[in-house]
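This briefing covers selected features of one protein model. The topics are its salt bridges, its main pocket, a surface patch and one backbone feature.

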Amino acid sequence: MKKLMLSLALSGLMLTGFAQEKKDLKSDTKEMTAPLHEHSKDRKHDGLKNKNPEELAKIKTDRMDQKLKFTDQQRKEVYAFHLKQAQDHKKIAAERKLYREKMRKQRVADHEKMMGLLTPEQQKTLKDSYAENHRTHREHWKKDRQMRKGDFKKGEGEKVVDAESKTT
């Protein structure tokens, strides 16, 4: 009986020791995964989004100048480089936007043409198939989002998917 009590006491001490170590590991992992730099809460990340190329070039050059202390000649050359880069990026973005719009119009036209080739019964079947694919995609997205947020607990995601499938 003494041996049993002694072994229970020792195992209890070991478990408490492991539990304390686990807490320390969690704090270490938080430090490792912490971002390298902190942003102020009122700062917006897309602040450069609506700037013209000249403003972007000036901002980038100024930021680099603070750290690298350019000469006047270097400053002019770096500004010219940033200006050319910003103009090229703006041009590419405009082309990409036009291409996306063209592709969207093309998909709509293709869809309408396909629907014109099908009977009303086939059209209904195809629309139902699209709806099913959309529903399945949405369920997977919700489940993945829950997992990324850390809210996902084993079995909870399946319950959400099952509940949604029963309602539809």
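A salt bridge is taken here as a side-chain nitrogen of Lys or Arg within 4 Å of a carboxyl oxygen of Asp or Glu. In this predicted model, the side chains of D62 and R75 satisfy that condition, with N to O at 2.3 Å. D62 belongs to helix α2 and R75 to helix α3, so this contact ties together parts that lie 13 residues apart in sequence. The count of salt bridges by this rule is eight.

**Salt bridges around D62**

- D62 also forms a salt bridge with K58, the N to O distance being 3.0 Å.
- K58 and D62 both lie in helix α2, four residues apart, which means that about one helical turn separates them.
- The relative accessible area of D62 is 23%, so this residue is classed as partly exposed.
- K58 is likewise partly exposed, at 47% relative accessibility.
- R75, the partner in helix α3, has a relative accessibility of 27% and also counts as partly exposed.

**The salt bridge within helix α4**

- E139 and R135 are joined by a salt bridge in which the closest N and O atoms are 2.4 Å apart.
- Helix α4 spans residues 120–149, and because E139 and R135 are four residues apart in this helix, about one helical turn lies between them.
- E139 is buried, its relative accessible area being 10%.
- R135 is buried as well, with a value of 18%; the cut-off for this class is under 20% relative accessible area.

**A shared network**

- Salt bridges with common partners connect K58, D62, D65 and R75 into one network.
- Within this network, D62 pairs with K58 and with R75.

**The largest pocket**

- The volume of the largest pocket is about 280 Å³.
- Helices α2 (53–68) and α3 (72–117) are the elements that each give two or more residues to the lining of this pocket.
- Helix α3 supplies the largest share of the lining, namely six residues.
- The residues that line the pocket are L48, K49, K51, L56, K60, A86, H89, K90, I92, A93 and R96.
- By character, the lining of the largest pocket comprises five nonpolar residues, one polar residue and five charged residues.

**A nonpolar surface patch**

- M1, L4, M5 and L8 make up a nonpolar patch on the surface, and their accessible area together is about 490 Å².
- One of these residues, M5, is located in helix α1, which covers residues 2–33.
- M5 has a relative accessible area of 52% and is exposed, the cut-off for that class being over 50%.

**Backbone and setting of K69**

- K69 is not a glycine, yet its phi is positive, at about 50 degrees.
- This residue, K69, is found in the loop between α2 and α3.
- The relative accessibility of K69 is 61%, so the residue counts as exposed.

**Elements that recur**

- Helix α2 holds D62 and K58 and is among the elements that contribute two or more residues to the lining of the largest pocket.
- Helix α3 holds R75 and gives six residues to that lining.
- The loop between α2 and α3 contains K69, while the salt bridge of D62 with R75 ties together parts of these two helices.

Terms used: Residues are numbered from 1 along each chain as its sequence is written. This is a predicted model: local features need pLDDT of at least 70, side-chain atom pairs count only at pLDDT 80 or more; totals for chains, interfaces and linings use all residues. Side-chain values use heavy atoms; hydrogens and water are left out. On a 1 Å grid over the protein atoms alone, a cavity is a set of points where a 1.4 Å probe fits but cannot get out, and a pocket is an open set with protein on both sides within 12 Å along at least five of seven lines; lining residues have an atom within 4 Å of a point. Grid points are joined across faces, edges and corners, and a volume is the space filled by probe spheres set on the points. Ala, Val, Leu, Ile, Met, Phe, Trp, Tyr, Cys and Pro count as nonpolar, Asp, Glu, Lys and Arg as charged, and the others, Gly among them, as polar. Buried means under 20% relative accessible area, exposed over 50%, partly exposed in between (1.4 Å probe, protein chains only). Patches are made of residues with over 30% relative accessible area and no salt bridge: like charges are joined within 9 Å, nonpolar side chains (Val, Leu, Ile, Met, Phe, Trp, Tyr) within 5 Å. Accessible areas come from the Shrake-Rupley method with a 1.4 Å probe; for residues, only the protein chains shown count as cover.
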